[in-house]
Amino acid sequence: MTSSKRVRPTEEVVEELRAALAGAGVLLPSLRVAPVTGASDEPFALVALGRCNVGTAQRLTAVLRGLAGGGES
């Protein structure tokens with residue numbers, strides 16, 4: 001079965017994720033396309049979310065809880 005959806009380039013997806021996170025006040029400095037999978041012929045390269053400090057992890061948790069309707073603790 002062939003999907004009619006266009007597979008977007010991984011770099012485009014990463015930039016959209018970066019923009020969405022920034023809009024929520026979250027910065028993941030190491031966010032990027034994983035170099036090994038990005039250089040392969042595989043249709044779905046991996047996205048490296050990278051490392052972040054505790055404050056960023058707390059902010060990301062709060063945003064995700066808010067989206068899930070769980071509120072902030």
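**Group meeting: a walk through a predicted chain**

Okay, surface first: the protein chain exposes about 5700 Å², and carbon and sulfur atoms supply 59% of that. Keep in mind that this is a predicted model, so every value here is computed from it. The chain has 73 residues, and buried ones make up 16% of them.

Now the layout. There are 3 helices and 2 strands, and if you read along the sequence you get α-β-α-β-α. For those of you who like contact statistics: take the contacts between residues at least 6 apart in sequence, and 33% of them join residues at least 24 apart.

Let's go inside. Which residues make up the largest nonpolar core? There are 8 of them: Val14, Leu21, Val26, Leu28, Leu31, Val33, Ala45 and Val63. As background, nonpolar side chains in soluble globular proteins tend to be buried together. Pick leucine 31 out of that core and look at what surrounds it. Skipping residues up to four places away in sequence, leucine 31 touches Val14, Leu17, Arg18, Leu21, Val47, Ala48 and Leu49. Val14 and Leu21 are in that contact list, and both are core members too.

On to the start of H1. Proline 9 sits in the segment before that helix, which covers 10-23. Is proline 9 buried, or partly exposed? Its relative accessibility is 39%, so proline 9 counts as partly exposed. Its C-alpha is 9.0 Å from the C-alpha of alanine 45, although the two are 36 residues apart along the chain. One step along, threonine 10 belongs to H1 itself. Threonine 10 has a relative accessible area of 15%, so it is buried; the cut-off for that is under 20%. Leaving out neighbours within four places, threonine 10 is in contact with Val33, Ala45 and Val47. Val33 and Ala45 should sound familiar, as they are listed in the core.

Now my main stop, helix H3, residues 54-67. Quick geometry check: 14 residues at 1.5 Å each should span 20 Å, and the end C-alpha atoms are 20 Å apart, so the two agree. Which residues of H3 are buried? Thr56, Ala62 and Val63. They cover an arc of only 125° around the axis, so they lie on the same side of H3. Flip to the other side and you find Val54 and Gln58 exposed.

Two residues of H3 deserve a closer look. Threonine 56 comes out at 15% relative accessibility, so it counts as buried. Not counting neighbours within four places, its contacts are Val26, Leu27 and Leu28. Val26 and Leu28 also appear in the core list. The other one is arginine 59, also in H3. With 34% relative accessibility, arginine 59 counts as partly exposed. The C-alpha atoms of arginine 59 and glycine 25 are separated by 7.6 Å, with their positions 34 residues apart along the chain.

Last thing, the ends of H3. What caps the N-terminal end? Asparagine 53 does, with a side-chain oxygen 3.1 Å from the backbone nitrogen of glycine 55. Just after the helix, glycine 69 takes a positive phi of about 80°.

To recap H3: Thr56, Ala62 and Val63 are buried, Val54 and Gln58 are exposed on the other side, and asparagine 53 caps the N-terminal end. That's my tour, thanks.

Conventions: Residues numbered from 1 in each chain as written. Predicted model: local features only at pLDDT ≥ 70, side-chain atom pairs only at ≥ 80, totals over all residues. Heavy atoms only, no water. Helix = DSSP H or I, 4+ residues; strand = E, 2+ residues; numbered from the N terminus. Buried < 20%, exposed > 50% of the residue type's maximum accessible area, 1.4 Å probe, protein only. Core = buried A, V, L, I, M, F, W, Y, C linked by side-chain atoms within 4.5 Å. Contact = heavy atoms within 4.5 Å. Areas by Shrake-Rupley, 256 points an atom, 1.4 Å probe, with all protein chains shown as cover. Expected span 1.5 Å × (residues − 1). Arc of directions from axis to C-beta. Polar contact = N/O pair within 3.5 Å; in protein donor to acceptor, adjacent residues only side chain to side chain.
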